[in-house]
Amino acid sequence: MFDFFKREKKPNPDASRLLASILVVYPTIQSVTYDSKDDMLELSFALSGKFSHDDFEGFLKYVAESVETLHYLENLYGASIELNVEGIYGTYFLNVRRDMATLTCRELSLLTEMAANYFGDKLIEDVDSPIPDEEYLMEQEDYLEQFLSNIRQLRVEGKLVGVREQERVVIYNR
């Protein structure tokens, strides 16, 4: 029968705040998924326009080399990164999956800057939301570092998805 009194575990607030902060600080990221089973974070960028297979191959190579260089400079070893593209008819999603153990704010900034530089105006950005001031963004980046650190120390269960919904950021527990 139905168990109406069954209580579902609420998601870790730091995990929810992490996803929300990523979407606030980086308006080019359309969705963020955290999967505790794999301890991976997936960032999705939306693209609009016509692209060739070589366009995506060039970008994926560019990202792989740049992230590898950043990891070398920061003495990070054993990082896992997966890149893929999916889409059809002029709308594409560029997905970047990263392990949480070695992910840093600096890398998040690098990934978003590379996507913006490489794809330019074909990268869909949340332009409807008000642009936060510089002090607010710096504060959010500090929170991001703190949340990343907390997630590494605490075991977060489940799968969380953060998406943009008009001028809001919504976090779902899946």
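**Surface patches and overall fold**

User: Where is Tyr77 found in this model?

Analyst: In this predicted model, Tyr77 sits in the loop between α2 (53–73) and β3 (81–88).

User: Why is Tyr77 called exposed?

Analyst: Happy to go through it. The relative accessibility of Tyr77 is 59%. Exposed means over 50%, so Tyr77 counts as exposed.

User: Which residues make a nonpolar surface patch with Tyr77?

Analyst: Tyr72 and Leu73 join Tyr77, and the patch comes to about 430 Å². Patch residues need over 30% relative accessible area, and Tyr77 has 59%.

User: What makes Glu135 count as exposed?

Analyst: The reasoning runs the same way. Glu135 has a relative accessible area of 62%; the cut-off for exposed is over 50%, so Glu135 is exposed.

User: Where does Glu135 lie, and which patch does Glu135 belong to?

Analyst: Glu135 lies in helix α4 (residues 134–153). On the surface, Glu135 gathers with Asp133, Glu134, Glu139, Glu141, Asp142 and Glu145 in a patch of negative charge. Why negative? Asp and Glu count as negative, so a gathering of these residues is a patch of negative charge.

User: What is the pattern of helices and strands along the sequence?

Analyst: The protein has 4 helices and 6 strands, and they follow the order α-β-β-α-β-β-α-α-β-β.

User: How much of the protein is buried, and how much area does it expose?

Analyst: Of its 174 residues, 41% count as buried, a label for those under 20% relative accessible area. The protein exposes about 10800 Å², with carbon and sulfur atoms supplying 50% of it.

Methods
Residues are numbered from 1 along each chain as its sequence is written. This is a predicted model: local features need pLDDT of at least 70, side-chain atom pairs count only at pLDDT 80 or more; totals for chains, interfaces and linings use all residues. Side-chain values use heavy atoms; hydrogens and water are left out. Patches are made of residues with over 30% relative accessible area and no salt bridge: like charges are joined within 9 Å, nonpolar side chains (Val, Leu, Ile, Met, Phe, Trp, Tyr) within 5 Å. Accessible areas come from the Shrake-Rupley method with a 1.4 Å probe; for residues, only the protein chains shown count as cover. A salt bridge is a side-chain nitrogen of Lys or Arg within 4 Å of a carboxyl oxygen of Asp or Glu. The place of a charge is taken as NZ of Lys, CZ of Arg, CG of Asp or CD of Glu. Helices (H or I, at least four residues) and strands (E, at least two) are DSSP runs, numbered from the N terminus. Buried means under 20% relative accessible area, exposed over 50%, partly exposed in between (1.4 Å probe, protein chains only).
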